[in-house]
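Please find below some comments on the model under review. They begin with the ligand site and then turn to the chain as a whole.

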Amino acid sequence: MKNENFGLFEPLFPGKDGNSTSRRAFLKAIALGAAVAAVPSVFSSSAVAAQAEGGNVLIIYFSHSGNTRRLAGYIHERTGGRMVELKRVRPYPEDYDAVVDEAKKEQEADARPEISITLSDLDQVDTVFIGYPNWWGTLPMPFFTLLERYPLAGKTVIPFCTHEGSRFGRSERDLRRLCPQARLLKGFEVRGSRVSGAEKAVDEWLTGLGLTAAR
Ligand SMILES: Cc1cc2nc3c(=O)[nH]c(=O)nc-3n(C[C@H](O)[C@H](O)[C@H](O)COP(=O)(O)O)c2cc1C
């Protein structure tokens, strides 16, 4: 990942950095909306557990240079469930300056780019984690396409975001607008350059959603 343009964002969007009990307790606490400490137990990451218990968690993430993908992986290790990568059908340029430029134009045009995924079996899902890099102050436009198509009414929606100084920017506000009938919980944000090493903070965040750490 290149860093040379980070300075570009700092003046515009002043920038924070950013345990789970068993997977069952996690899912239960989320499903009930319980802000209570669950009894710690041994964390299991077995595929069997994921199938049996993680069916109602969906993690959707977008990542251009890998930071958000890595963070999504940490979360998935703890929650299980389904993980889906959102992409634009026409890939963004790999070159950093080019993607910065194109993303800006796409946002200014309020575009709804074609996306690579459809969501099935949403009625089986209670909790949707939405992961993204902060792009020009908010979610990349493919999420606007996705969430206008699937506004996640009645779901618990939990954002996580990587950035280089702007934290969530205005993305939480945009999420609230895109998913007006979802229950938005406290998200997690971290600088992209600090995702490696953020595992403890991820644990603490999940704990703060009503869970205790035990990995
Ligand atoms: C098109 C584009 C726009 C960006 N806009 C911002 C921004 O407004 N604020 C910010 O703090 N970081 C911004 N960044 C930095 C990314 O949010 C950060 O590097 C992120 O960790 C990248 O995640 P990824 O590796 O999952 O793609 C931008 C990066 C790109 C490529």
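1. The shell around the ligand, in this predicted model, draws on several secondary-structure elements: α4 (67–79), α5 (96–108) and β4 (156–163) each contribute at least two residues. The most is given by α5, with 4 residues.

2. In total, 24 residues surround the ligand, and those that come nearest are Ser63, Ser65, Thr68, Thr162 and Ser166. Sorted by class, the shell comprises 13 polar, 10 nonpolar and 1 charged residues.

3. Polar contacts to the ligand involve both side-chain and backbone atoms. At serine 65, an N or O atom of the side chain lies 2.5 Å from an oxygen atom of the ligand. A polar backbone atom of tryptophan 136 is 2.8 Å from a ligand nitrogen atom, and a polar backbone atom of glutamate 164 is 2.9 Å from a ligand oxygen atom. How much of the ligand surface does the protein bury? Of the 650 Å² that the ligand exposes when taken alone, 99% is buried by the protein.

4. As to the overall architecture, the chain contains 8 helices and 6 strands. Read from the N terminus, the order of elements is α-α-α-β-α-β-α-β-α-β-α-β-β-α.

5. Regarding burial and surface, the chain has 215 residues, of which 53% are buried. Its accessible surface amounts to about 10000 Å², and carbon and sulfur atoms account for 51% of that area.

Conventions
Residues numbered from 1 in each chain as written. Predicted model: local features only at pLDDT ≥ 70, side-chain atom pairs only at ≥ 80, totals over all residues. Heavy atoms only, no water. Near = heavy atom within 4 Å. Polar contact = N/O pair within 3.5 Å; in protein donor to acceptor, adjacent residues only side chain to side chain. Areas by Shrake-Rupley, 256 points an atom, 1.4 Å probe, with all protein chains shown as cover. Nonpolar A, V, L, I, M, F, W, Y, C, P; charged D, E, K, R; others polar. Buried < 20%, exposed > 50% of the residue type's maximum accessible area, 1.4 Å probe, protein only.
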